[in-house]
Amino acid sequence: MSNQEITVSLDLRTQIGKGLNKLKNEGIVPAVIHNHGKESIIVSGTFVDLVKVYNEAGKHHPVNVKIGNDNYLTIIKEADFDPKKNKLRHVVFSMINQNEKVETEVEIVLEGDAPAAKIGLVVNQMLDVVKIEALPRDLPDTIIVNIESLAVVGDRIVISDVKAPNGVTILTDPEHPVVAVEEKVVIEEEPEAEVPVAETPESTKTETTES
């Protein structure tokens, strides 16, 4: 887990609805900070700053949000990207408390070399992220899954096999598969159909039979 402090400065905003288009055209991304049932804080930040903070924090690292003279400890809950342009267009922060556990998702990273892969079998990762619960200071950057035990077809690792870091509880279904060994699918190419060769018609001689 990372001890790096991530900070971003945001501004209060009044633009909503159609007014957001003007902001986006100016390189500003709208955002909101949810506050445990209290009134949300409507904010915005530059595209550059918010992309940077999302790349650094993801959804698992606390973010210190500064608004004027106020500071809020938060975590990113949602980041909305344009599916065509992959451009950030909205961010949802949620306030957190250092002494209260938070739920979030972190990336699963496979570690080690699977013997199955060395003999041509497919090691298929079936889950990319896992849902966890931990205090903000205990949130890991990733969950490491060692795959050195995977040797033959049918071998697999499920969530209950994954060891969580100290202070972290995994909330994903214990029976959900994380990675499994499968046969390599071989696609046989169909033989090309023979194209019949057109025969050149020969001139036919007509024989006259005398009667």
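Modeller: Let's start with a definition: two strands pair if DSSP finds at least two bridges between them. Please also keep in mind that this is a predicted model.

Biologist: Thanks! Over how many bridges do strand β8 and β11 pair in the parallel sense?

Modeller: Two of the bridges can be named: L110 has V145 of β11 as its bridge partner, and E111 has N146 of β11. Pairing needs at least two bridges. Strand β8, residues 102-111, and β11 run parallel to each other, and their bridges number five.

Biologist: And in which sense do β8 and strand β10 pair?

Modeller: Let's look at one place where they meet: T104 stands opposite I132 in β10. Strands of a sheet pair through backbone hydrogen bonds, either parallel or antiparallel. For β8 and β10 (residues 129-134), there are six bridges, and the sense is antiparallel.

Biologist: What is the order of the open sheet of four strands?

Modeller: A good way in is to begin at the edges. The edge strands, each pairing on one side only, are β11 (142-146) and β13 (169-170). The pairing in this open sheet is mixed, and the order is β11-β8-β10-β13.

Biologist: I170 caught my eye. Is I170 buried or exposed?

Modeller: I170 belongs to strand β13, and its contacts beyond four places in sequence are V130, K131, I132, I159, V162 and A164. The cut-off for burial is under 20% relative accessible area. I170 has 18% relative accessibility, so I170 counts as buried.

Biologist: How many Å apart in space are I170 and I132, C-alpha to C-alpha?

Modeller: I132 is among the residues that I170 contacts. In sequence the two are 38 residues apart. From C-alpha to C-alpha, the distance between I170 and I132 is 4.4 Å.

Biologist: Now the other sheet, please. Which are the edge strands of the open sheet formed by seven strands?

Modeller: The order of this sheet is β1-β5-β6-β7-β3-β4-β2, with mixed pairing. Inside that order, β3 (residues 28-35) and β4 (residues 38-46) pair in the antiparallel sense over seven bridges, with V32 opposite I42 of β4. The strands that pair on one side only, and are therefore the edges, are β1 (6-9) and β2.

Biologist: R13 looks interesting. Which side chain of opposite charge is nearest to R13?

Modeller: R13 sits in the loop between β2 (11-12) and α1 (19-25), and its contacts farther along the sequence include L20, P30, I42 and H90. R13 is buried but has no salt bridge. A salt bridge needs the nitrogen and the carboxyl oxygen within 4 Å. The nearest side chain of opposite charge is 10 Å away, and that is D11.

Biologist: Then which backbone oxygen does the side chain of R13 reach?

Modeller: Among the residues that R13 touches are I42, V43 and S44. At 2.5 Å, the backbone oxygen reached by the R13 side chain is that of V43.

Biologist: How many salt bridges does a search of the whole structure find?

Modeller: Side chains of opposite charge can pair when their charged atoms come close. One example joins E78 and K59 at 3.8 Å, N to O. That pair links distant parts of the chain, with E78 in strand β6 and K59 in the loop between α2 and β5 (63-67). Over the whole structure, the number of salt bridges found is four.

Biologist: Which residues do salt bridges that share partners join into one network?

Modeller: Begin with R89, which is partly exposed at 30% relative accessibility. R89 forms a salt bridge with D80, with the closest N and O atoms 2.7 Å apart, and another with D82 at 3.8 Å. The network therefore consists of D80, D82 and R89.

Biologist: Last one: is the aromatic pair of Y54 and F81 stacked, tilted or edge-to-face?

Modeller: This is the one aromatic pair in the structure. Y54 lies in helix α2 (residues 47-57) and F81 in strand β6 (residues 70-81), so the pair ties together parts that are 27 residues apart in sequence. Stacked planes are under 30 degrees apart and edge-to-face planes over 60. With centres 5.6 Å apart and 55° between the planes, the pair is tilted.

Conventions:
Residues numbered from 1 in each chain as written. Predicted model: local features only at pLDDT ≥ 70, side-chain atom pairs only at ≥ 80, totals over all residues. Heavy atoms only, no water. Buried < 20%, exposed > 50% of the residue type's maximum accessible area, 1.4 Å probe, protein only. Lys, Arg positive; Asp, Glu negative; His and termini not counted. Polar contact = N/O pair within 3.5 Å; in protein donor to acceptor, adjacent residues only side chain to side chain. Contact = heavy atoms within 4.5 Å. Phe/Tyr/Trp six-rings, centres within 6.5 Å; stacked < 30°, edge-to-face > 60°.
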